[in-house]
Amino acid sequence: MVPFVTAFRLPKNGYTIDECEDAFDYSLDSLRFAISDGATESSFSDRWAQSLVKQFVIEPPFGVPPTEDSLQFWLLPQQMEWQSGIDWASLPWFAQEKAERGAYATLVGLEFGAHGTIWQKFVGRALAGEEMMWHAFAVGDSNLFQVRDDELLHAFPLEKSEDFNSRPILLASNAGNNLSALKDIRAAEGGCKPGDLFCLATDALAKWFLAQHEAGEKPWQILRQCQTEEAFAAHVKLIRETQGVRNDDTTMVLLEWRES
Amino acid sequence: MPYSAEISRANPSAFLFLIDQSGSMVEPISGSENKRKCDSVADAINRLLHNLIIKCARGEGVRNFYEVCVIGYGATVAPAFSGPLAGRDLVPLSEVASSPARVEERVRKVDDGMGGIIEQKVKFPVWFEPLAKGITPMGTALSMAHKILSEWVQRHPASYPPIVINISDGEATDSGPVPQAEALTSLATEDGNVLLLNCHISSKPLQPIVFPDTDADLPDDFAKVLFSISSILPASLRELARAEGFSLGPESRGFAFNADLVELIRFLDIGTRGSNMR
């Protein structure tokens with residue numbers, strides 16, 4: 001089995017890609033994939049989202065799924081990095097006051113194989129016919145979908161389009177603001193076979209995905225056809241204009257396991 | 001659906017504050033210890049501008065989701081920003097942020113998390129100074145708002161409609177406010193008409209009436225006139241107000257009568273919360 005990945009991120013209409021506060025990262029060596037949506041209402045949330053996905057791919061939090069304590073511990077160096085990356089003295093009063101409130105972001109981390117053990121990954125990949133495992137954890141409203149045999153097998157952590165509201169629980173760059181987020185770590189796991197499709201998506205696209213599925217459609221088919229950034233941008237433009245999809249930063253990581 | 005336009009840098013919205021600066025504004029406001037009405041209103045407006053700026057601040061700057069104008073009416077009717085913005089009417093929010101008249105340091109009492117209270121120094125930028133002198137030319141102030149916004153809606157046809165908030169403690173002494181208010185609220189963008197919210201502030205410790213849907217409980221003709229010129233709140237603002245604990249019907253108007261200090265701030269907060277910002 002070989003993973004094929006396409007990944008795109010798009011800013012809100014009227015914004016540049018530099019202003020996009022979504023982030024993704026992945027590694028085909030460690031088979032880790034992450035997506036994060038920095039909250040538009042907070043300052044420097046783009047950097048916060050980037051550091052979360054980057055660190056997940058390098059070294060995820062301990063535990064499958066991570067515990068409250070292990071996630072808190074894992075966040076610490078990134079919180080310090082976020083703080084020290086801001087040139088506080090040069091900020092005008094309003095920017096300083098805003099940044100003091102911290103940045104917020106969602107996170108979905110997906111990993112194949114047993115957590116942190118190369119051996120099991122190797123076995124998982126090497127033993128044809130035997131299912132490889134995946135496990136994921138999430139805070140907030142970015143979503144993971146698993147599609148098998150052209151049917152939706154998993155939607156995680158949100159399962160219905162109506163579950164998306166504008167106030168998700170988010171991971172904060174200020175350690176003191178994470179009490180509710182750390183109590184709301186969601187986890188899921190499952191098997192993985194050749195032909196399986198995994199899709200990580202930020203909220204606007206994830207909500208559309210679920211609404212389409214609820215209406216009897218197979219939204220993954222069209223997403224799979226988006227092989228270039230232009231095609232993805234055209235699709236997102238279309239669903240924003242004709243299907244009431246929110247004008248929001250929109251990010252997708254699509255992973256297809258093909259027979260080697 | 002009206003009042004649903006996204007508020008963005010390309011399609012900003014606008015807030016206009018019309019502030020009564022007549023002589024009676026020196027009286028204390030109900031609900032505070034001898035704080036003058038003009039001081040309470042100035043504090044509320046400065047705090048509101050502060051909150052709006054923080055809400056729109058991103059990274060090093062402020063996004064221009066709004067243009068803001070403050071008009072004072074009393075001895076004169078004129079734009080009422082102090083400091084570098086003096087004399088200007090509509091000012092983009094980022095410029096408001098970078099140009100306060102001064103930044104005061106005030107002390108705020110906060111919970112120390114261990115059962116005690118600690119004093120914390122906070123920055124309190126000031127754009128608008130209290131003033132109380134002269135009569136109540138509310139009609140002229142509404143006309144000035146009309147003049148400013150008639151140009152604005154032409155330049156921003158797709159924008160969320162401007163919101164005008166009029167704060168007064170008394171009756172108009174000119175021919176206003178009915179014909180001028182009607183002209184003002186007849187202005188519209190493709191997303192809806194200009195909204196006019198009126199807040200009557202009180203010296204008397206009477207129960208305030210906020211977001212009423214009928215004038216039946218209002219005590220006098222003046223209150224009924226202000227009710228009649230207040231816009232019926234669109235659904236989105238009604239929802240926000242309900243979430244904040246106000247009880248509203250579908251015909252509720254953007255009107256507060258006999259508002260004390262607490263209600264003034266709550267009223268302003270709802271009035272400026274329309275937040276479909278992108």
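## Strand β12 of chain A and its partners

In this predicted model, strand β11 (residues 197-201) of chain A pairs with β12(A) in the antiparallel sense, and 5 bridges connect the two. Within that pairing, A:Phe198 stands opposite A:Leu255 of β12(A). On β12(A), A:Leu255 is also the bridge partner of A:Val5, a contact that belongs with the pairing of strand β1 (residues 2-10) of chain A and β12(A), which run antiparallel and are joined by 9 bridges.

How many of the 9 residues of strand β12 (residues 250-258) of chain A are buried? The number is 7, and the strand is therefore largely enclosed by the rest of the structure.

## Chain A as a whole

Chain A contains 8 helices and 12 strands, and its C-alpha atoms fill a box of roughly 60 × 45 × 30 Å when the principal axes are used as the frame. Its radius of gyration is 18 Å, which agrees with the value near 18 Å that a compact globule of 260 residues would have. Of the 260 residues in chain A, 44% are buried. When contacts in chain A are restricted to residues at least 6 apart in sequence, 73% of them join residues at least 24 apart.

## An open antiparallel sheet in chain A

Chain A also holds an open sheet of 5 strands, in the order β2-β3-β5-β6-β10, with antiparallel pairing. The edges are taken by β2 (22-27) and β10 (186-192) of chain A, and because each has a single partner strand, one side of each is left without a neighbour in the sheet. Neighbouring strands of this sheet are turned against each other by 10 degrees on average, with direction ignored.

At one of these edges, β2(A) pairs with strand β3 (residues 32-37) of chain A in the antiparallel sense, over 6 bridges. A:Asp22 has A:Asp37 as its bridge partner in β3(A).

## Chain B as a whole

In chain B the secondary structure comes to 7 helices and 14 strands. The radius of gyration of chain B is 18 Å, close to the 19 Å that the globule rule gives for 278 residues, so this chain is as compact as a globular protein of that length. Along its principal axes, the C-alpha trace of chain B spans about 50 × 45 × 35 Å.

Buried residues account for 48% of the 278 residues of chain B. Among contacts in chain B with a separation of 6 or more, 76% are between residues 24 or more positions apart.

## The contact between the chains and the nonpolar core

Where chains A and B touch, the contact takes 18 residues from chain B and 12 residues from chain A. On the side of chain B that touches chain A, at least two residues each are supplied by α1, β2 (57-58), β3 (61-62), α2 (93-98) and β8 (117-126) of chain B. Sorted by class, that side of chain B has 8 nonpolar, 4 polar and 6 charged residues.

The largest nonpolar core has 147 residues, of which A:Leu200, B:Leu16, B:Ile71, B:Ala145 and B:Val164 touch the most other members. Helix α1 (residues 37-56) of chain B gives the largest share of this core, with 10 residues. Leaving aside residues up to four places away in sequence, B:Val164 touches B:Leu16, B:Leu18, B:Ala145, B:Leu184, B:Val194, B:Leu195, B:Leu196 and B:Leu197.

## Backbone details worth checking

Two cis peptide bonds precede prolines in loops of chain A. The bond joining A:Val64 and A:Pro65 is cis, with omega of about -5 degrees, and A:Pro65 is found in the loop between α1 (45-58) and α2 (68-84) of chain A. The peptide bond from A:Phe156 to A:Pro157 is likewise cis, with omega near -5 degrees, and A:Pro157 lies in the loop between β8 (151-156) and β9 (171-172) of chain A.

Positive phi values also occur away from glycine. A:Asp149, in the loop between β7 (143-148) and β8 of chain A, has a positive phi of about 50 degrees; with 8 C-beta neighbours inside 10 Å, A:Asp149 counts as exposed. B:Phe211, in the loop between β13 (209-210) and α5 (221-229) of chain B, has a positive phi near 50 degrees. Is B:Phe211 buried or exposed? B:Phe211 counts as buried, because 22 C-beta neighbours lie inside 10 Å.

Notes: Residues are numbered from 1 along each chain as its sequence is written. Chains are lettered from A and ligands numbered from 1 in the order in which they are written. This is a predicted model: local features need pLDDT of at least 70, side-chain atom pairs count only at pLDDT 80 or more; totals for chains, interfaces and linings use all residues. A nonpolar core is a set of buried Ala, Val, Leu, Ile, Met, Phe, Trp, Tyr and Cys residues joined through C-beta atoms within 7 Å. A residue is buried if 20 or more other C-beta atoms lie within 10 Å of its own, exposed if 12 or fewer, and partly exposed in between; C-beta atoms are placed from the backbone. Helices (H or I, at least four residues) and strands (E, at least two) are DSSP runs, numbered from the N terminus. Two residues are in contact if their C-beta atoms, placed from the backbone, lie within 7 Å. The radius of gyration is taken over C-alpha atoms; the globule rule is 2.2 Å times the number of residues to the power 0.38. Two strands pair if DSSP finds at least two bridges between them. Axes are lines fitted to C-alpha atoms, for helices over the stretch in contact, and angles run from 0 to 180 degrees between N-to-C directions. Ala, Val, Leu, Ile, Met, Phe, Trp, Tyr, Cys and Pro count as nonpolar, Asp, Glu, Lys and Arg as charged, and the others, Gly among them, as polar.
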